[in-house]
Amino acid sequence: MELDAVIEKRRTVRDFSPRAIPEAAVMRAVRAAFMAPSYNHLREWDFILISDRDVKVALTRTEEMTETLSPELIDAFKNVEESARAMYLEAIPRQKRMIVEAPCVIVVVFRPKTPVENAKRIYDLNGLASAWCAIENLLLSLARDDIYGVTFIPKNTPLVKEVLGIPADLEVAAVIPVGYKKDGAKGPKQKEIDVDAHVHQNAW
């Protein structure tokens with residue numbers, strides 16, 4: 001598939017079919033991830049592939065996840081831009097379900113340049129930025145095979161690390177449930193972007 005077609009195809013999906021995904025497709029995506037650039041050329045990333053339901057449930061217990069939209073939660077997003085508000089209100093009640101029901105959950109681990117909690121400059125986050133280059137390669141490769149995912153950023157990474165036995169000196173970039181899209185699954189409408197208005201020549 002042509003690159004432009006894969007980029008156009010790649011979308012966030014939170015509702016998954018129970019259909020198993022081929023291990024070969026996942027490993028092809030991991031190999032694509034390792035083709036991404038990294039700030040120190042060492043590509044210090046690891047990928048934990050989770051199919052065990054009990055482990056997935058344990059992951060959801062590391063966060064406070066609500067499965068309903070309370071009036072208070074809806075009110076908290078009342079001043080958020082319309083397309084962003086729609087995305088959040090669609091996503092929040094699905095967080096637990098998307099992790100438990102996805103055929104595979106990929107946890108992306110990286111070695112930070114500076115401990116994230118100590119970062120003071122953008123430069124300090126080079127390790128995290130590199131990991132996200134790898135994540136996009138991973139998701140593009142999966143999209144080629146009609147496999148989609150959603151990036152979930154855990155708030156309580158120490159607990160995630162404890163559940164998965166991740167070494168203390170490493171960090172979690174994202175938890176990514178992946179699978180085939182469930183029939184009828186829909187996501188919020190994408191915000192239309194005027195690309196030309198966001199391109200600047202030589203200065204802002």
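The structure contains an open sheet of four strands, arranged in the order E1-E2-E4-E3 and paired in the antiparallel sense. This description, like everything that follows, refers to a predicted model. Strands E1 and E3 stand at the edges of the sheet, and because each has a single partner strand, one side of each is left without a neighbour in the sheet. Averaged over the sheet and with direction ignored, neighbouring strands are turned by 30 degrees against each other.

Within this sheet, the pairing of strand E2, which spans residues 104-110, with E4 is antiparallel and runs over seven bridges. Two positions help to place this pairing in the sequence: Cys104 has Val178 in E4 as its bridge partner, and Val108 stands opposite Ala174 in E4. On the other side of the discussion is E3, which is joined to E4 by three bridges, again with the two strands running antiparallel. Here Gly149 stands opposite Val178 in E4, the residue already named as the bridge partner of Cys104. A reader who follows the side chains along these strands may keep in mind that, in a regular strand, side chains alternate between the two faces of the sheet.

How many of the residues of E4 are buried? The count is 10 of the 10, so E4 is largely enclosed by the rest of the structure. A helix also belongs to this picture, since H8, made up of residues 157-164, lies across E1, E2 and E4 and runs at about 70 degrees to E4.

The cysteines deserve a brief remark. Cys104, whose partner in E4 was given above as Val178, is buried, with a relative accessible area of 8%, whereas Cys133 is partly exposed at 34%. The structure holds zero disulfides; for a pair of cysteines to be counted as one, their sulfur atoms would have to lie within 2.5 Å.

Aromatic side chains give another way into the model, which holds two aromatic pairs. In one of them, Phe34 and Trp45 have ring centres 5.7 Å apart and planes at 40 degrees, and the pair is tilted. This pair links distant parts of the chain, with Phe34 in the loop between helix H2 (23-33) and strand E1 (45-50) and Trp45 in strand E1, 11 residues apart. Phe34 is partly exposed, with a relative accessible area of 27%, while Trp45 is buried, with a value of 5%. Phe34 also pairs with Phe47: the ring centres are 5.4 Å apart and the planes stand at 70 degrees, so this pair is edge-to-face, because planes over 60 degrees apart fall in that class. It too links distant parts of the chain, from Phe34 in the loop between H2 and E1 to Phe47 in strand E1, 13 residues apart. Phe47 counts as buried, because its relative accessibility is 16% and the limit for that class is under 20%. Taken together, Phe34, Trp45 and Phe47 form one aromatic cluster.

Two basic side chains are placed over aromatic rings. Arg19 lies over the face of Tyr180, at 3.7 Å from the ring centre, and Lys181 lies over the face of Tyr148, at 5.7 Å from the ring centre.

The backbone, finally, has some positions to examine. Most residues other than glycine have a negative phi. Against that background, Asp146 has a positive phi of about 65 degrees although it is not a glycine, and Asn202, also a residue other than glycine, has a positive phi near 75 degrees. Where does Asp146 lie? Asp146 belongs to the loop between helix H7 (126-144) and strand E3 (147-149), and it is partly exposed, with a relative accessible area of 40%. Asn202, by contrast, lies in the segment after strand E4 (171-180) and is exposed, with a relative accessible area of 85%.

Conventions. Residues are numbered from 1 along each chain as its sequence is written. This is a predicted model: local features need pLDDT of at least 70, side-chain atom pairs count only at pLDDT 80 or more; totals for chains, interfaces and linings use all residues. Side-chain values use heavy atoms; hydrogens and water are left out. Buried means under 20% relative accessible area, exposed over 50%, partly exposed in between (1.4 Å probe, protein chains only). Rings of Phe, Tyr and Trp (its six-membered ring) pair if their centres lie within 6.5 Å; planes under 30 degrees apart count as stacked, over 60 as edge-to-face and the rest as tilted. A charge sits over a ring if NZ of Lys or CZ of Arg is within 6 Å of the ring centre and within 35 degrees of the ring normal. Two strands pair if DSSP finds at least two bridges between them. Axes are lines fitted to C-alpha atoms, for helices over the stretch in contact, and angles run from 0 to 180 degrees between N-to-C directions. Contact means heavy atoms within 4.5 Å.
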